[in-house]
Each structure stands twice: as structure tokens, then as C-alpha cells.
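Subject: Structure handover

Hello,

Here is the structure we talked about handing over. Please look through it first, then read the notes below.

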Amino acid sequence: MRAVAVIPGKPNSVHLTELPRPSVHDIADGKGILVKVLKVGVDATDREINDALYGNAPPGYKFLVLGHESFGIVQEVGPNVRNLKPGDYVAATVRRPGGSIYDTIGTYDMTSEETYFERGINLLHGYLTEYFVDHEDYIVRVPPGLKHLHVLMEPISCAAKAVQQAYEVQRRMKVWRPRVAYVLGAGQIGLLATLILKLRGLDVYCIARSKPGTLSSEIVAGLEATYVSTSETPLEALALKVGKADLIIDATGASAMSFGAMEVLGHNGVLVWTSITGGNHSIEIKSDKINIDWVLGNKLLLGSVNANREHFESGIRDLALGEVMYPGVIQRILTNPVDGLENFSEMMRLLVEEKTALKVYTNVAEE
Ligand code: BGC
Ligand code: ZN
């Protein structure tokens with residue numbers, strides 16, 4: 001079967017390759033699921049992998065099959081599978097366990113080991129192919145009523161984890177009633193985090209560079225949140241106007257913004273960093289000012305990566321609720337489809353050049 005791969009370490013090496021078709025029997029305990037791939041999304045991580053800034057091939061291979069945002073339909077299940085059946089729509093989690101205690105209890109997203117295993121990213125092949133097999137533990141059911149949101153299951157799982165982690169650490173406060181949230185970045189993660197925080201009842205400001213009038217600003221308005229353009233209202237001006245934030249989620253992909261956010265977090269607040277910045281930028285910061293401010297304000301900085309099964313499930317519940325509250329809004333993120341694995345160059349071109357693309361994805365097959 002065909003697959004889209006790169007040669008890690010070699011810039012712009014994306015190409016089509018062949019792999020043997022997997023079987024449910026590849027999973028020893030009878031809990032294998034064979035998934036027919038329908039759609040796969042790509043994001044900045046895939047771009048960085050193709051730029052040779054990130055990612056590694058599985059042991060024994062020179063190439064890495066791309067694709068970590070999966071959506072497919074169950075084709076066949078192993079004899080011991082109870083919770084999934086052929087015909088179910090599914091998405092797969094990305095990380096696979098290493099050996100730390102966190103890995104062994106299903107929280108592989110919190111591994112304490114330096115090496116992490118991620119399908120389509122690091123040391124494991126991804127989903128940009130015709131079929132894949134995995135253990136049922138890593139396959140999450142997608143309700144049929146959400147199939148039009150297909151490749152967003154993985155991105156929302158990362159946003160769901162970031163928000164959940166923030167609430168979890170804020171249990172240090174005994175009582176925490178966040179009112180104002182800033183979401184930095186109006187790409188897919190920023191928009192999905194905006195949805196999740198709106199559903200939690202916060203006053204959400206989604207902040208990006210572009211002036212309003214973009215698709216992102218329309219989606220933010222559709223979610224009844226407030227879109228703020230930093231070219232019109234710098235962060236400090238926003239903080240003076242609506243108050244500093246109780247919670248900030250940074251999803252800009254720009255580390256200067258991640259640090260800039262430190263100046264607009266309120267007392268007892270939490271700032272969550274989610275950007276994967278594979279580059280090598282550096283900036284100067286007002287370190288004394290930030291330091292005293294953070295100490296006197298008991299502020300907290302939290303990094304959040306990846307997501308486990310529970311985050312997929314809670315993200316999917318929020319998508320379902322989102323469809324009821326704000327019907328038809330979230331699907332507007334799915335901007336740029338490409339038909340067929342063979343059109344991988346067009347997929348990469350859109351990912352690199354199409355600045356207005358919120359989501360590039362490949363239609364791999366029909367049901
Ligand atoms: C993926 C995550 C992954 C992270 C770091 C992101 O693009 O969506 O699942 O953990 O990259 O590799
Ligand atoms: Zn990703």
C-alpha cells in the first residue's frame with residue numbers, strides 16, 4: 001500500500017513510498033484494530049519534519065511515514081476487541097508508551113523519559129497511508145454525528161489537555177474561578193482552545209496579529225468570543241482595558257509571544273505554553289520586571305504537549321457540545337482539502353505557502 005514519507009534529516013524529502021498492508025494479527029493479545037484511513041490532517045509539525053528540523057525515523061528505517069491527525073473507519077477487529085466494531089469511525093492517539101511509571105498507567109503524554117514515541121513524528125510511522133493497525137487502547141471512537149469534523153480530533157485533544165492541565169494545577173488555589181482567558185494564536189489549536197474555554201463559561205479573548213476580517217476572526221465571533229488583533233490593540237492595551245488574564249493559552253508557534261504573555265497574566269494565574277518551536281530564535285526579555293511580578297503574584301507557567309485517550313474523549317465531547325451551541329462554526333477550520341495520497345506535493349505546498357489555510361488535509365479514501 002502507498003504511504004507519504006520523509007527522510008528525517010534531509011530537507012524537503014517528502015515522497016510516496018510502499019509499505020506492506022498491516023493485519024489485526026500484528027497485535028499479539030487479539031486487541032488489534034485495522035483502520036481504513038479516510039482523512040489525515042497536517043500541521044506545522046509536519047512542516048518542520050519536512051524541513052528536517054524535527055522528527056526521527058523508526059529504528060531500521062531510513063524514512064518516516066508522516067501524518068499524526070488521523071480519521072478512519074474500522075475495517076476489522078481482533079478476536080478480543082469488545083468496544084469497537086467494523087464500520088465505527090475512529091481517530092488514533094499519537095504517542096505510544098515508553099517505560100516510565102506515567103507511561104504504564106496510560107498517561108504516556110506525561111512520560112518522564114527523554115525519548116518519546118509519536119506516530120508520524122518520532123520513531124514510529126504515521127497515518128498518511130491506506131491502512132494502519134493499532135491496539136484498541138489507542139483507538140478512540142468518533143460519534144457519527146461528528147464525522148464532518150474528522151481530522152480535528154487530534155488537534156482538539158491537545159487543546160483539551162492544555163486546558164485540563166491548567167485547571168488541574170490550579171487546585172493549588174482551593175478556590176479558582178477564572179473569569180478572563182486570553183488565547184494567543186488563532187490557528188487550529190487557538191480556535192479549538194477558544195471553543196473549550198467558552199464552553200467552560202469564560203470571557204475569552206482570542207488574540208492574533210491580523211486585523212479582523214479574516215476567517216479566524218469570523219470563527220472567533222461565531223464562538224461568541226472576542227477577537228483581538230495585536231496590530232490594533234497590543235497585549236498591554238488589552239490588559240488595561242479588560243484586565244489581566246486569569247488563564248492564558250499560548251498557541252502562536254512564536255516563542256517571543258510565549259514570553260510576551262508573561263507580562264499580561266494576572267495574580268494567581270496560569271500561563272500554558274503549547275507551541276512546538278523547532279527553530280532557533282532568541283529574544284531579550286525584561287527579566288527583573290517579570291521575575292518580581294511573578295513572585296509577588298504567585299503566577300504559574302505550565303508546558304503542555306500531546307494528549308492521552310482521556311483528552312481525546314473530552315475534546316470529542318466538547319466538539320459535540322460545540323456543535324449544539326455554535327452549529328456549523330468549527331467545520332470552517334477545515335479549509336484546504338487535497339485529494340489522494342499521490343498529491344502529497346500539493347499538500348506540502350499548501351502547508352508552506354497558503355497563509356490563509358487553517359487546516360490542510362488529505363482525503364485518502366472514500367468509505
Ligand atoms: C502533535 C502532538 C505532539 C507534538 C510534539 C504536535 O504537532 O499534535 O501530538 O506531541 O507535536 O511532537
Ligand atoms: Zn500536531
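A salt bridge here means a side-chain nitrogen of Lys or Arg within 4 Å of a carboxyl oxygen of Asp or Glu. Lys161 and Asp109 meet that definition, because their closest N and O atoms are 3.0 Å apart. Please keep in mind that this is a predicted model.

**The two domains**

The domain assignment splits the chain in two. Domain 1 is made of two stretches, 2-142 and 335-363. Domain 2 covers 157-303. Their centres, taken over C-alpha atoms, are 29 Å apart.

**Where they meet**

On the domain 1 side, 11 residues are in contact with domain 2. On the domain 2 side, the number is 13. Together the two domains bury about 770 Å². Carbon and sulfur atoms account for 53% of that area. Which three residues supply the most of what domain 1 buries against domain 2? They are Glu48, Met110 and Leu358, and they supply 53% of it.

The polar side of this interface is brief to list. There is 1 salt bridge between the domains. There are also 4 residue pairs in polar contact, counting pairs with both residues at pLDDT 80 or more. The domain 1 residues that touch domain 2 divide into 5 charged, 4 nonpolar and 2 polar.

**Ligand 1**

What surrounds ligand 1? The residues around it are Asp43, Thr45, Tyr54, His68, Val94, Glu118, Ile121, Glu154, Cys158, Ile276, Val305 and Asn306. By class, this shell has 6 nonpolar, 3 polar and 3 charged residues.

Three side chains place an N or O atom at these distances from an oxygen atom of ligand 1:

- Glu118, at 2.5 Å
- Glu154, at 2.8 Å
- His68, at 3.2 Å

How much of ligand 1 does the protein bury? Taken alone, ligand 1 exposes 310 Å², and the protein buries 94% of that.

A good place to begin is the pair Lys161 and Asp109. Then turn to Glu118, Glu154 and His68 around ligand 1.

Best wishes

Definitions and conventions: Residues numbered from 1 in each chain as written. Chains lettered and ligands numbered in written order. Predicted model: local features only at pLDDT ≥ 70, side-chain atom pairs only at ≥ 80, totals over all residues. Heavy atoms only, no water. Domains from an automatic or database assignment. Contact = heavy atoms within 4.5 Å. Buried area = accessible area lost by both parts, 1.4 Å probe. Polar contact = N/O pair within 3.5 Å; in protein donor to acceptor, adjacent residues only side chain to side chain. Nonpolar A, V, L, I, M, F, W, Y, C, P; charged D, E, K, R; others polar. Near = heavy atom within 4 Å. Areas by Shrake-Rupley, 256 points an atom, 1.4 Å probe, with all protein chains shown as cover.
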